[in-house]
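Reader: I am new to reading protein models, and I would like to understand how the words used for them are earned. Could we take the terms one by one, setting each value against its definition?

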Amino acid sequence: MSLDHLAALGRAQQAFAQALAAADPDAPVPSCAPWRVADLALHLGTVHWWAAAMAAGVDLDPTAPTEPRDTDSLVRFYRWAARHLHDTLASLDPNATGVTLDGPGPSSFWRRRQLHETLVHLWDLGGADAMPTEPQLWWDTAAEVVDTMTPRQVRLGRIEPLKDSAELVASDGTLVLGPGDPAVRVHGEPRDLALLLWRRIGPDSGSVRVDGDRGVLGRLLALRLTP
């Protein structure tokens, strides 16, 4: 079954806006320390605005503002940015040429990228339980780390080419991070495997099972697999 990234993005954005409306804008976000909720909302809204321009072929400065910081203004800003992104992506032919993280490419790249950006930050905000969390969504989030985010980190020189290899195993299938035969296997639900790769949870969290060389897994997770 094909995943409708644009429809899923809309649901994730709605869930983020609802969770933001109920959050204290000055509350800490431990997974994004030293950010506060206001910083997280300003970041995601700005990234939505930037990604809409990228999808249309324009590379703008994605630096997030530091204001506003009150709940009502933050929710208005986020909803505006989310609607702008969603409407832009819906209006563009998925095969239209835009700017991706890998140079010129289809505008549809940003449907997937922004869905996963929103899902992870929704978890940061503590609102992941407020939206449908189909395993397929989170499995694709994990797959994006393997097929897009980590190769980009290597290409940009942020990390060395991977020398170790780990296999991620879920009901949706398997993914292999790194070259060669995996020395370690990590079993879990798609959401937990995705959050592990995004360093939101650790291998000792109790939500995944590790078989094999835990040292290999530790070395891989110590790298900046994502920005």
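Reader: What makes the meeting of the side chains of Glu134 and Arg11 a salt bridge?

Author: Before answering, I should say that this is a predicted model, in which local features need pLDDT of at least 70 and side-chain atom pairs count only at pLDDT 80 or more, while totals for chains, interfaces and linings use all residues. Residues are numbered from 1 along each chain as its sequence is written, and side-chain values use heavy atoms, with hydrogens and water left out. A salt bridge is defined as a side-chain nitrogen of Lys or Arg within 4 Å of a carboxyl oxygen of Asp or Glu. Between Glu134 and Arg11 the N to O distance is 3.2 Å, so the pair satisfies the definition. Glu134 stands in the loop between α4 and α5 and Arg11 in helix α1 (residues 5-21), and the pair links parts of the chain that are 123 residues apart; helices here are DSSP runs of H or I with at least four residues, strands are runs of E with at least two, and both are numbered from the N terminus.

Reader: Why is Glu134 called partly exposed?

Author: The word depends on relative accessible area, where buried means under 20%, exposed means over 50% and partly exposed lies in between (1.4 Å probe, protein chains only). Glu134 has 32% relative accessibility, and therefore counts as partly exposed. Arg11, with a relative accessible area of 32%, is partly exposed as well.

Reader: Which residue forms a salt bridge with Arg112, and how do you know that Arg112 is buried?

Author: The partner is Asp147, with the closest N and O atoms 3.1 Å apart. This pair also links distant parts of the chain, since Arg112 belongs to helix α4 and Asp147 to helix α5, 35 residues apart. Arg112 has 18% relative accessibility and so counts as buried, whereas Asp147, at 44%, is partly exposed. Arg112 and Asp147 are also linked with Asp140 in a network of salt bridges.

Reader: What makes Asp204 exposed, and which residue does Asp204 pair with?

Author: Asp204 has a relative accessible area of 67%, and therefore it is exposed. Its salt bridge is with Arg214, where the closest N and O atoms are 2.4 Å apart. Arg214 lies in helix α7 (residues 214-221) and Asp204 in the loop between α6 (190-197) and β6 (208-212), so the pair ties together parts 10 residues apart in sequence. Arg214 has a relative accessible area of 41% and is partly exposed. By the salt-bridge rule, the count comes to 12.

Reader: How do you know which residues line the largest pocket?

Author: On a 1 Å grid over the protein atoms alone, a pocket is an open set of points where a 1.4 Å probe fits, with protein on both sides within 12 Å along at least five of seven lines, and a lining residue has an atom within 4 Å of a point. The largest pocket is lined by 21 residues, of which His43, Arg113, Glu117, Trp198 and Pro227 lie nearest its centre. Two or more lining residues come from each of α2 (37-55), α4 (109-125) and α5 (135-155), and α4 gives the most, with six. The volume of this pocket is about 560 Å³, a volume being the space filled by probe spheres set on the points, which are joined across faces, edges and corners.

Reader: Why is Arg113 called buried, and what is Arg113 in contact with?

Author: Arg113 has 5% relative accessibility, so Arg113 counts as buried. Arg113 lies in helix α4. Contact means heavy atoms within 4.5 Å, and, leaving aside neighbours within four places in sequence, Arg113 is in contact with Leu101, Glu144, Met149 and Trp198.

Reader: Which residues touch the most other members of the largest nonpolar core?

Author: A nonpolar core is a set of buried Ala, Val, Leu, Ile, Met, Phe, Trp, Tyr and Cys residues joined through side-chain atoms within 4.5 Å. The largest has 50 residues, of which Trp110, Leu115 and Leu197 touch the most other members. Its largest share, eight residues, comes from α5. A second, separate core of 20 residues includes Ala17, Leu20, Ala41 and Leu74.
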